[in-house]
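Here's a quick briefing on how one fold is put together, from strand pairing to core packing. Have a look at the model first, then read on.

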Amino acid sequence: MTIDAGLSAYPMGDEPQHNLQRMFADMKRVELARHFVDDVLRKGTDVFIIAVDLDRSAVVRRRGVKEKRHLVVQLHELLRSALPEQATFLDSGSRDEGWIVLTPDDPHEPTRLAERLHQLIGGHVFRLIDGEEVRLTASLGVARSPLHGSTGQDLLWAVGEALWQAKLTRDAVYVADAPVAVEPQTFRITVEQQRQLAALSRRTGRPDDSLFHEALQLLLENHAPRWHWIVEKRGPTPGGPARRGAEFE
């Protein structure tokens, strides 16, 4: 089964052009993925997630939104064509990445699939709008429940950490082994901030936790690389917050 989060709903050139519009639309895809994983987990089965992200695709992104979208469509089509019937592909909108959700009988199958996808992407010829050929590699991360989380939120964090490990060397597959620590913490806001949040919730028709999730994702999109560098070079601050995966109560 494939969950198409709406990228194909935009004809070529008609997708949101403004960066904030695209970011908002993409974050809705992330929220959709989280809810989908939660639904699968409620069935009481173990879930594996593979995160896929193209390496060095900036060479295409610099050519503009239309060129990037053209690349993303090719990537999504390539991934869908290679997935087994029981796998579910969750796209991330306009970004050159996505998640594959599996509930296999063989716990080693997700790793084998990740390796096959890694080789498939590395050997594929992507074509730009003008016909120019581009070869790219991919990094992939693998995580599973219940070792790395028991909710969609936790598993997406965990597979994001595994993907980041793969990105350290690029063109690699990283299978998470040890559990990923996710420490809930309370996020306190002022009365005025709470008033603004309530107004935004009413205006958008979205609950508070949905808005918090989007804000946190956007924050990490911008600051996670620097934070990872600090953790690797200087070590975590004793008694400080979890590196990633903090949930709001």
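Strand E2 and strand E4 (residues 97–102) pair in the antiparallel sense over six bridges; strands here are DSSP runs of E with at least two residues, helices are runs of H or I with at least four, and both are numbered from the N terminus. Pairing takes at least two DSSP bridges between the strands. Bear in mind that this is a predicted model, where local features need pLDDT of at least 70, side-chain atom pairs count only at pLDDT 80 or more, and totals for chains, interfaces and linings use all residues. Residues are numbered from 1 along each chain as its sequence is written, and side-chain values use heavy atoms, leaving out hydrogens and water.

**Strand E2**
- Ile50 has Ile100 as its bridge partner in E4.
- E2 also pairs with strand E7 (residues 138–144), antiparallel over seven bridges, and there Leu54 is matched with Ala138.
- Seven of the seven residues in E2 (residues 48–54) are buried, meaning under 20% relative accessible area with a 1.4 Å probe, protein chains only.
- Phe48, Ile50, Val52 and Leu54 cover one side, with Ile49, Ala51 and Asp53 on the other.

**Cores**
- The largest nonpolar core (buried Ala, Val, Leu, Ile, Met, Phe, Trp, Tyr and Cys joined through side-chain atoms within 4.5 Å) has 24 residues, and Ile50, Leu54, Ile100, Ile121 and Phe126 touch the most other members.
- Elements giving two or more residues to this core are E2, helix H3 (65–82), E4, helix H4 (109–122) and E7.
- A second, separate core of 19 residues includes Ala33, Val101, Ala143 and Leu163.

**Helix H5**
- In H5, 15 of 18 residues are buried.
- Arg170 follows H5, with a positive phi near 65°.

Note on methods. Buried means under 20% relative accessible area, exposed over 50%, partly exposed in between (1.4 Å probe, protein chains only).
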